[in-house]
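Pull up the model and keep the sequence beside it. We'll walk through it piece by piece, from strand pairings to single residues.

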Amino acid sequence: MQPYNGDLVLPIGGVRLAEGTAFPSGATLNYDLPMQALTLGEAVRLPAAGALAQPFTVPAGTVLSGDVRDASGNLLHARGTLLKEAMVLPAGTQLGAGMALPKGTALAAMRWPKGVPLPVAFENDVARRNVLLGGTLELQRGALIPSTTRVVLESGVGYIELRPDSDGTRGRNWALAPMLAAGSESWSVRLVAGADLGAADTRIALAGAGSLRLADTHYRATVTQGGGTLVWSEFNNWGMPPGRPVTPEEEGLCPMIDPGNCVSKSGIAWSPDNGFGFTGGTPVPEEFLPVCVSTPENCIDYGSAVKALAAHGQGISVVRTGTGDLDLVASGDVDVRSLYGIYTAGTQSAGVAPRYNQARGTAPGATSVLGTGGADYESLVAGDARAYQRLVPEAGGNLLVRAGGDITSDMLTPLNNDVVQKSSVAVGNWLWRQGDGSAQLPTAWWINFGSYAVDPSGNLGVDAKPSLVGFTGFGTLGGGNVQVQAGGNAGMLERKGTARSQGLVVAVGSTGRVADDGSLVLTGGGDIDVRIGGGVNSSQLARGNANGTDKPNHDLQGALVNLRGATQLSAASVGGMILGGRDMKDPRAFDPFTSNRAESTGGLVLMPGDSAMRIDTLGDLVVGGAGDPGRVRLMNSSPFASYGGGGLSWFSLWTERTAIDLFSAGGSLTPSTQMSEGTATSIVTGTNVAPTDFRFVYPAILRAVAAGGSIYSGSSANAADVGTNESTSRYSLLLAPSRSGQLELLAGDSMYMGNYAINQSGADPAQMPGPLKPAFAGFNGNQRVADNLGAGGLEVNARTDPFRLFAFVPETYALGAAGAPSTPTTPARFYALNGDIVGLRSGEILQRRDGATWYEAAAPAWVIAGRDIVSAGTSSDGPPP
């Protein structure tokens with residue numbers, strides 16, 4: 001498969017795919033596909049003529065929706081014919097375009113036209129979910145090879161050069177290019193597809209005249225020459241069966257008498273004791289290869305001797321400018337098919353002191369920034385001539401993304417514990433920070449547009465290739481406003497496999513530093529305005545259980561990030577729900593006409609800094625989760641004391657104004673699905689929305705209204721089994737402490753809370769880590785050697801530990817100065833206007849292992865329901881009722 005499983009739009013022509021290439025069902029190609037014979041799934045309407053591979057009975061009373069011709073092409077029955085009696089069509093009968101076929105119809109090889117989603121094929125009544133290429137197909141420039149396609153190349157071809165060395169593009173990486181000097185101005189850039197060339201405003205596009213597609217798939221890779229397998233030669237001196245692979249214990253025998261005793265062999269050969277009488281070690285003819293599949297003991301696969309390719313991280317492309325504006329407009333779709341950073345960068349602030357541009361920390365267990373595995377890239381990130389600089393941009397231009405149709409993007413998460421590729425949506429890829437409260441390491445946060453890095457939380461002594469990290473998505477990183485407008489849908493519309501999606505990232509960047517006088521110097525910031533005519537992540541197939549299991553992957557669902565400014569999103573829906581099922585903890589008789597459970601999926605991740613985020617929908621509204629941009633896992637460390645690296649800093653970028661406001665006019669609402677990414681034995685770590693204090697921590701203000709529907713939360717919004725829900729429910733939803741905190745949930749119908757606690761913290765907000773009071777932990781290898789953490793706070797003992805909000809003080813109710821409450825006494829409100837409140841929990845008493853008791857609450861709660869209030873609170877023996 002294509003490395004990292006993404007879509008590939010060919011930048012060159014003449015690419016030949018061999019027979020057997022498997023294309024995923026549901027994908028839409030931009031070229032005709034000759035398919036092998038297949039058995040169709042149900043309710044398929046033929047887009048082109050096809051011939052039957054087996055006899056087929058058409059029942060009486062059927063109105064033919066396509067012509068029926070015999071094998072010679074003679075018309076038997078015209079489209080629209082009403083069959084008065086059943087008719088048996090023999091194999092070879094040609095069915096015309098438009099013919100509706102039931103499940104199980106066997107078709108001969110045919111040509112599937114472009115622009116029509118590929119059908120689902122069945123094999124032995126089991127969905128195969130792909131179709132196979134018949135023969136060899138030569139693709140031209142611009143042809144799409146969809147995500148999850150299993151590519152088969154012609155014999156002897158290990159890979160194809162899509163960026164030939166001769167055109168000068170290989171090796172160029174504009175994501176790493178340094179910013180222009182402070183004060184530099186930039187052009188505005190406008191890309192319009194389907195432009196009305198006669199209009200005075202060049203942003204005007206003619207309806208349906210064109211779409212804008214960005215595709216530039218590339219990655220770092222190492223090419224190796226395959227050697228096949230070492231085997232015993234025919235006349236070896238040791239009497240070994242010719243062609244048998246040499247075991248590791250036997251390798252020492254090869255050179256002892258004659259180096260020719262062992263030879264390298266590739267391909268598939270007959271085994272020495274095969275049951276067909278063929279000479280062992282001789283190649284298996286192509287017509288006998290199926291024998292090797294059905295009886296593998298008769299054959300030996302020696303492997304390939306062709307060149308092989310090992311990828312080391314997906315590349316990032318950019319469309320960007322600095323202080324100018326950037327517009328992407330299409331009358332059709334705006335479709336991003338590979339990782340792109342599409343943003344305005346601003347210009348570097350003048351007069352930034354050197355202490356805010358310190359050298360980067362060394363990799364874990366290494367003496368250089370990138371370690372031994374990154375030696376080839378070290379000059380880009382270290383030394384006086386390095387390309388990397390700590391950038392604090394300002395005066396960035398505005399970004400407009402407008403489509404008459406859909407807007408889709410590209411994002412990925414790593415597969416199979418890949419230590420090089422990082423999740424492309426991670427805020428810690430592009431927002432870096434430092435600070436321990438001293439003059440030597442003053443607080444600062446800045447933008448990394450693109451650089452090579454090694455994970456500070458990675459394993460010691462692992463000389464892996466460095467990761468290319470930077471911003472991907474739509475944004476204004478140096479300040480400026482973002483407008484995203486779509487007449488259709490946005491985000492996840494097609495399934496892209498287990499680690500890829502079309503989710504959107506929309507971001508506004510901001511930087512800051514603490515001056516000598518203790519004041520904050522801030523740059524950047526702007527407003528986000530997203531207006532979607534259809535839904536965000538509207539496809540259940542694409543968003544539901546996005547990684548193919550019972551748990552979603554929030555890093556594939558898209559994110560809104562605003563470090564300083566207002567954020568507004570309006571859409572028909574955000575995410576979606578499948579209503580159904582019963583909450584077994586509801587003691588009342590089951591009402592079959594009322595759903596007290598849902599499967600909520602596809603919610604956006606919200607990452608506010610000093611931002612009030614508001615989401616309005618006409619239908620369902622699902623939020624994936626929320627996180628603190630100043631406390632996410634980082635791809636950079638700082639030198640400290642006598643250590644070259646390992647210094648980790650964190651501080652909350654939330655303020656008294658940070659808020660999340662959710663309003664669904666006619667659908668239902670789920671304020672968080674974070675717990676659904678856990679299992680019965682583990683919880684997600686290292687992502688934007690992973691728990692940081694044994695809690696999923698939200699900003700202090702959360703207001704959610706489902707005016708015409710219900711609110712589903714916790715296990716009532718999660719399709720996982722009871723054991724998983726019981727385990728992950730321990731990670732409650734906790735609102736950060738604040739004097740302006742508010743918790744308000746209002747449902748026009750009912751509230752189904754799944755016995756999942758939603759709490760307000762009553763700790764002293766002045767004791768939380770912030771820019772003026774950063775938290776710091778310094779590590780030498782795996783040992784913590786320095787910190788400024790409080791004795792009563794949650795510990796950070798390992799480089800892999802999350803960055804705690806309660807690093808200085810316990811997470812328990814505390815009085816402020818002069819005995820006054822640290823947090824407001826405004827009550828939390830839980831209202832169900834016309835329905836029930838089921839399984840509500842708010843506030844917890846925690847018995848710590850050290851004997852301490854923590855009170856996780858801040859204010860009284862008002863709970864009002866139009867009907868029943870059941871299964872509320874915590875039972876006397878501890879667990880939820």
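**A walk through the strands and cores**

Start with Trp-445, which sits opposite Gly-512 of strand S46. Bear in mind as you look that this is a predicted model. Trp-445 brings us to a pairing of two strands: S39, covering residues 444-447, lines up with S46 in the antiparallel sense, and two bridges hold the pair. S46 has another partner as well, strand S47 (residues 520-524), and here five bridges join the two, again running antiparallel. If you want a spot to click on in that second pairing, try Thr-511, which faces Thr-523 in S47. S46 and S47 make a hairpin with five residues between the strands, and in it Gly-518 takes a positive phi near 85 degrees.

So how enclosed is S46 by the rest of the structure? Five of the five residues in this strand (510-514) are buried, so S46 is largely enclosed by what surrounds it. You can check this face by face: Ser-510, Gly-512 and Val-514 point to one side, Thr-511 and Arg-513 to the other, and all of them are buried.

Now zoom out to the sheets. As a reminder, sheet strands pair through backbone hydrogen bonds, and the pairing can be parallel or antiparallel. One open sheet here is built from twelve strands with parallel pairing, in the order S21-S30-S35-S43-S48-S51-S56-S60-S63-S66-S70-S74. Its edges are S21 (189-193) and S74 (861-865), each of which pairs on one side only. Going from one strand to the next, the twist averages 5 degrees. For a closer look inside this sheet, take S51 (residues 567-571) and S56 (residues 612-617), a parallel pair with five bridges. Thr-567 has Met-613 in S56 as its bridge partner.

There is also an open sheet of four strands, ordered S7-S12-S9-S10, and its pairing is antiparallel. The edge strands this time are S7 (50-51) and S10 (75-77), each pairing on one side only. S7 pairs with S12 (residues 94-95) over two bridges, in the antiparallel sense. In that pair, Ala-51 stands across from Gln-94 in S12.

Next, the nonpolar interior. In soluble globular proteins, nonpolar side chains tend to be buried together. The largest nonpolar core in this model counts 63 residues, and the ones with the most contacts inside it are Ile-342, Ile-407, Leu-606, Leu-662, Leu-745 and Met-751. Which strand gives the most to this core? That's S67 (residues 751-760), which supplies four residues. A second, separate core has 36 residues, including Leu-17, Leu-33, Leu-118 and Leu-133. To see the surroundings of one core residue, select Leu-745: setting aside neighbours within four places in sequence, its contacts are Ala-704, Ile-711, Met-751, Met-753, Ile-758, Arg-829, Phe-830 and Tyr-831.

A few single residues are worth a stop too. Glu-856 belongs to strand S73 (residues 853-856). Is this glutamate buried or exposed? With a relative accessible area of 2%, Glu-856 counts as buried, because the cut-off for buried is under 20%. Its side chain makes a polar contact with the side chain of Arg-695, at 3.0 Å. Beyond residues up to four places away in sequence, Glu-856 touches Arg-695, Leu-734, Asn-759, Gln-760, Glu-811, Gly-843, Glu-844 and Leu-846.

Then there are the cysteines. How many disulfides does a search of the whole structure find? It finds one, and that link joins Cys-292 to Cys-299, with the sulfurs 2.1 Å apart. The link is left-handed, with -80 degrees about the S-S bond. Cys-292 is buried at 12% relative accessible area, and Cys-299 is buried too, with 12% relative accessibility.

Finish at Pro-102, in the loop between strands S13 (100-101) and S14 (106-107). At 39% relative accessibility, Pro-102 counts as partly exposed. Apart from neighbours within four places in sequence, Pro-102 is in contact with Gly-41, Glu-42 and Phe-56. As for Val-63, which lies 39 residues from Pro-102 along the chain, the C-alpha atoms of the two are separated by 14 Å.

Technical notes:
Residues are numbered from 1 along each chain as its sequence is written. This is a predicted model: local features need pLDDT of at least 70, side-chain atom pairs count only at pLDDT 80 or more; totals for chains, interfaces and linings use all residues. Side-chain values use heavy atoms; hydrogens and water are left out. Buried means under 20% relative accessible area, exposed over 50%, partly exposed in between (1.4 Å probe, protein chains only). A polar contact is a pair of N or O atoms within 3.5 Å; within protein, one must be able to donate a hydrogen and the other to accept it, and residues adjacent in sequence count only if both atoms are side-chain atoms. Contact means heavy atoms within 4.5 Å. A disulfide is a pair of cysteine sulfur atoms within 2.5 Å. Two strands pair if DSSP finds at least two bridges between them. A nonpolar core is a set of buried Ala, Val, Leu, Ile, Met, Phe, Trp, Tyr and Cys residues joined through side-chain atoms within 4.5 Å. Axes are lines fitted to C-alpha atoms, for helices over the stretch in contact, and angles run from 0 to 180 degrees between N-to-C directions.
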